[in-house]
Structures are given as C-alpha cells and as structure tokens.
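Good morning, colleagues. Please look at the sequence and the structure as they appear on the screen, and I shall then go through selected features in turn.

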Amino acid sequence: MKRQAGKFAAVLLAALMLTGCGSNLLEEGTALLEEGKYAEAADTFQAAVDEDSEDAEGWRGLGLAKWEHQDYEGALEAFQSVLDNGGEKTGELYNLMGCCAMQLEKPTDALNYFRLGMEAEDVSEEMMQEMRFNEIVAYEQAGDIESARSKLADYTADYPDDEKAAKEAEFLETR
C-alpha cells in the first residue's frame with residue numbers, strides 16, 4: 001500500500017499548472033514533497049490552506065505530505081477536504097483515502113473508498129490493479145475471509161503473475 005510522493009508531487013504540480021494556480025506556497029510545497037521533506041511540505045501546504053481554506057490542491061498536497069509522514073489520520077482529513085472543496089474525485093485520491101483507512105484499522109471505510117476509486121473515470125489499469133488488491137486486504141482486515149478469497153480468485157484470474165497475490169492466497173488458505 002505504501003506509495004512514493006514523487007509521483008504524486010509531479011501530478012500535483014501538473015494539476016496546479018493546468019488550473020493556472022500560481023501560488024508560491026503550493027509550488028514550494030510540491031518541491032519539498034519531491035525532495036522527500038515531508039514535514040516541511042506539510043507545514044507549507046498547511047500555510048496554503050490557512051491562506052485559502054477552499055484550495056482543494058492545497059489540501060491534496062497537505063494530504064500527500066501527511067501520508068508520507070505516516071500521519072494517516074491527518075492525511076485522511078486533508079483528502080476529505082479535497083472533496084469538500086470541489087477537488088477532482090480521482091481514483092488515486094480514493095485509493096490513498098482507502099489506504100489511510102486501512103492504516104487506521106477502518107477496513108469498512110477502506111472498502112468504500114476503494115469502491116469509489118474503482119468507479120472513478122480516470123483510473124489506469126495499474127491503479128485498478130492496486131485498488132483491487134487493496135480491496136482484498138481490506139476484506140481480510142474486516143474479517144470477511146470468504147469475500148477476500150472470492151475477490152482474490154477474480155484478481156488472480158486477471159493478474160496470474162502477481163507474486164503478492166500468490167503470497168496472499170497462501171495466507172488465506174491458512175484462515
């Protein structure tokens with residue numbers, strides 16, 4: 001479930017350029033994310049949302065910084081603020097929200113986020129695969145082993161060479 005911020009920072013920077021947003025704080029926060037300076041990035045994005053609490057991209061950056069800093073509760077709150085402030089409902093965002101919920105041991109919430117992510121229009125095949133695997137793990141964490149097994153069977157039919165899935169299948173056999 002762990003993702004790198006560099007990819008997200010690049011996406012965030014591209015989104016800022018496309019929206020014409022020229023906030024120095026957002027650009028500075030994105031640069032700090034790319035450099036792996038997550039605490040500093042969080043502070044910078046926090047300053048951006050303090051300046052404009054309706055800035056969805058500022059909230060997205062704050063969520064990414066908090067995710068990388070392993071502040072999953074703070075990240076989930078920031079990602080929810082993206083949605084609350086009209087930010088784009090992307091598969092990537094919902095996947096991150098689901099991963100935060102998993103880290104917070106809220107598998108039912110995670111399942112909901114993964115489902116929303118899989119329904120998003122922008123989902124790449126790679127992201128769909130990741131969310132489908134995360135969904136299996138969420139069912140497992142929720143104690144719904146039968147659903148996890150069923151989803152895993154579908155997953156391995158579509159991705160037979162996935163080594164993580166093979167290990168997950170071995171684990172589920174012991175349940």
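**Aromatic pairs and the wider fold**

By the rule applied here, the count comes to 3 aromatic pairs. One of them joins Tyr155 and Tyr159, with 4.8 Å from centre to centre and 45° between the planes, and is classed as tilted. The rule is that rings of Phe, Tyr and Trp (its six-membered ring) pair if their centres lie within 6.5 Å; planes under 30 degrees apart count as stacked, over 60 as edge-to-face, and the rest as tilted.

I should state at once that this is a predicted model, in which local features need pLDDT of at least 70 and side-chain atom pairs count only at pLDDT 80 or more, whereas totals for chains, interfaces and linings use all residues. Residues are numbered from 1 along each chain as its sequence is written, and side-chain values use heavy atoms, with hydrogens and water left out.

Let me stay with the rings for a moment. Ring pairs link Phe133, Tyr155 and Tyr159 into a cluster. Tyr155 and Tyr159 are both buried, where buried means under 20% relative accessible area, exposed means over 50%, and partly exposed lies in between (1.4 Å probe, protein chains only). Phe133 also has a charged partner: the charged end of Lys164 sits over its ring, 4.6 Å from the centre. The criterion for that arrangement is NZ of Lys or CZ of Arg within 6 Å of the ring centre and within 35 degrees of the ring normal.

What does the secondary structure of the protein chain come to? It comes to 10 helices and 0 strands. Helices (H or I, at least four residues) and strands (E, at least two) are DSSP runs, numbered from the N terminus. Of the 175 residues of the protein chain, 46% count as buried. Among contacts between residues at least 6 apart in sequence, 52% join residues at least 24 apart; contact means heavy atoms within 4.5 Å.

**Helix H4 and the loop after it**

Helix H4 covers residues 56–68, and its 13 residues, at 1.5 Å a residue, should span 18 Å; the end C-alpha atoms are 18 Å apart, which agrees. The expected span is 1.5 Å times one less than the number of residues. Why is H4 described as largely enclosed by the rest of the structure? The reason is that 12 of its 13 residues are buried. Among them are Trp59, Trp67 and the charged residues' entries in the list, Glu57, Arg60 and Glu68.At the N-terminal end of H4, Asp55 acts as the cap: one of its side-chain oxygens lies 3.1 Å from the backbone nitrogen of Glu57. A polar contact is a pair of N or O atoms within 3.5 Å; within protein, one must be able to donate a hydrogen and the other to accept it, and residues adjacent in sequence count only if both atoms are side-chain atoms.

Just after H4 comes Gln70, with a positive phi of about 65°. Gln70 lies in the loop between H4 and H5, and its relative accessibility of 51% places it among the exposed residues. A second residue other than glycine with a positive phi is Glu105, near 60°. Glu105 belongs to the loop between helix H6 (91–103) and helix H7 (107–119), and is exposed at 63% relative accessible area.

**Two positions in helices**

Asp84 lies in helix H5, which covers residues 72–84. Is Asp84 buried or exposed? With a relative accessible area of 55%, Asp84 is exposed. Its C-alpha atom is separated by 9.9 Å from that of Trp59, 25 residues apart along the chain.

Ala148, in helix H9 (residues 145–158), is buried at 0% relative accessibility. Leaving aside neighbours within four places in sequence, Ala148 is in contact with Ile136, Tyr139, Glu140 and Leu172. The C-alpha atoms of Ala148 and Ala169 are separated by 9.4 Å, with these positions 21 residues apart along the chain counted as their separation.

**Cysteines**

A disulfide is a covalent bond between the sulfur atoms of two cysteines. How many disulfides does the structure hold? The number is 0, a disulfide being a pair of cysteine sulfur atoms within 2.5 Å. For Cys99, the closest cysteine sulfur is that of Cys100, at 7.3 Å, which is too far for a bond. Cys99 is buried, with a relative accessible area of 0%, and Cys100 likewise counts as buried at 0% relative accessibility.
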